[in-house]
Amino acid sequence: MKKLHSLVLIILLSLLAFSNFIMPVDDSYVTSSFAEFRSTGDTAHFHGGVDFSTFLKEGIPIKAIYDGYLARIEINNTIYGNVVVIQHPNGYKSLYAHLSMFSSKIQSIVDDLISEYGNSNIIVEFPENEIKFSQGEVVAYSGKTGEAVQPHCHLEIRNSKETMIFDPLDFIKVAPLNGEIIIKEIVIDGKKQEFVNGKTYEFSGVFPHLEINSYLQVNKNIIGLKEIKLYFSNKLVYHILFDEIPYEEIDKPYTVYSEESIAAGYIYKAYYKLYPEKTGYVVKANNFPTLNLNIDFFPVTLELKDPWGRVKTFNFNLKRGD
Ligand SMILES: [Zn+2]
């Protein structure tokens, strides 16, 4: 009975979270999605949150997405820069990064810390309910501290223990961007080729090693995909879903991205690996071990979903070469 109660509570809390979290920046839009490949900082990693535009400006107010209290601040983190973390009563934490300045409630504490410790990496945890924020209240101001190339707001949603990181777009309603899902290139057994829908490609070996350079194209910007489903002869063989990532896997992007992926500064070129090599949490189905590929020719379907749930389907054929 207790188990059932906690399950009901979890479902209830999830619904509350979805309906109540708001965008951290007024009139903003998404510029990067959850789990995109990143190679900046000390090691390659998944993008742990969503980037909201601050219109390329520093000093834009960053607001609490829900009521809560200040759990932590970080100053001069190599990747995140200056950070605010808020604990919400519904069990989630929100993290705001690359900040230029903190809310007036916090800035005097930060000034004291900097005068004492200088410009080193400072982390301070705060007691429960000491400094409270209500939903929509300014927690900080946008900047480009840490690995940010341009000023923006990086938002993460984590569980209280910070062992899991969730896609904020599963919690916050944000208007979809006008764009198109594109497969720029297909890589088969290490060979890069232009992708043409309906084309027959050759592969060799026990099974084809497929990779795709794919994304949602929004004007000149590229947004990472939410979900990829790969079918051979209409049978699901591989499924990647970027819904949540255990914190301990955040620096293991090569479970789903190929080693040729680049994401540094303004360059973004990520290849999704559509075959099992390393296991990872975001790989939801892997039917390669049970695959019986005795046939020499079969149709392939790729179902690609963007962060707003829009799906585009691509079809091609694979033929066993010599
Ligand atoms: Zn970011």
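**A guided tour from R38 to the sheets**

Select R38 first: leaving aside residues up to four places away in sequence, R38 touches A44, H45, F46, H47 and A263. The coordinates on display are a predicted model. R38 belongs to strand β2, which spans residues 37-38. Is R38 buried or exposed? R38 is buried, because 24 other C-beta atoms lie within 10 Å and the threshold for a buried residue is 20 or more. Now add D251 to the selection. Although R38 and D251 are 213 residues apart along the chain, their C-alpha atoms are separated by 9.3 Å.

**The whole chain**

Next, display the entire chain as a cartoon. The chain contains two helices and 28 strands. The chain is as compact as a globular protein of its length, because its radius of gyration is 21 Å, close to the 20 Å that the globule rule gives for 322 residues. Taken along the principal axes, the box filled by the C-alpha atoms is roughly 70 × 50 × 35 Å. Of the 322 residues, 39% count as buried. A contact map may be opened alongside: among contacts between residues at least 6 apart in sequence, 71% join residues at least 24 apart.

**Strand β4 and its two partners**

Select residues 50-53, which make up strand β4. In a regular strand, side chains alternate between the two faces of the sheet. Which residues of β4 lie on each side? V50 and F52 are on one side, D51 and S53 are on the other, and all are buried, so that both faces of the strand are covered.

Add residues 30-32, strand β1, which runs antiparallel to β4 and is joined to it by two bridges. Within this pair, S32 stands opposite D51.

Then add residues 152-159, strand β13; four bridges join β4 to β13, and the two run antiparallel. Two bridge partners in β13 can be labelled here: H152 for S53, and C153 for F52.

**Along strand β13**

Keep β13 selected and colour its residues by burial. Seven of its eight residues are buried, which leaves the strand mostly covered. Select residues 92-97 as well: this is strand β8, which pairs with β13 in the antiparallel sense over six bridges. K93 has R158 of β13 as its bridge partner.

Stay on R158 and extend the selection to residues 164-166, strand β14. Two bridges join β13 to β14, and these strands run antiparallel. In β14, the bridge partner of R158 is I165. R158 therefore has a bridge partner in K93 and another in I165. Where the chain turns, select E162: the hairpin of β13 and β14 has four residues between the strands, and E162 takes a positive phi near 60°.

**A three-stranded open sheet**

For the last stop, select β5, β12 and β9. These three strands form an open sheet in the order β5-β12-β9, with antiparallel pairing. Why is one side of β5 and of β9 left without a neighbour in the sheet? β5 (61-63) and β9 (101-102) stand at the edges and each has a single partner strand, so one side of each has no neighbour there. Strand β12 comprises residues 138-141 and is joined to β5 by three bridges, the two running antiparallel. To inspect this pairing, label K63 and V138, as V138 is the bridge partner of K63 in β12.

Note on methods: Residues are numbered from 1 along each chain as its sequence is written. This is a predicted model: local features need pLDDT of at least 70, side-chain atom pairs count only at pLDDT 80 or more; totals for chains, interfaces and linings use all residues. A residue is buried if 20 or more other C-beta atoms lie within 10 Å of its own, exposed if 12 or fewer, and partly exposed in between; C-beta atoms are placed from the backbone. Two residues are in contact if their C-beta atoms, placed from the backbone, lie within 7 Å. Two strands pair if DSSP finds at least two bridges between them. The radius of gyration is taken over C-alpha atoms; the globule rule is 2.2 Å times the number of residues to the power 0.38.
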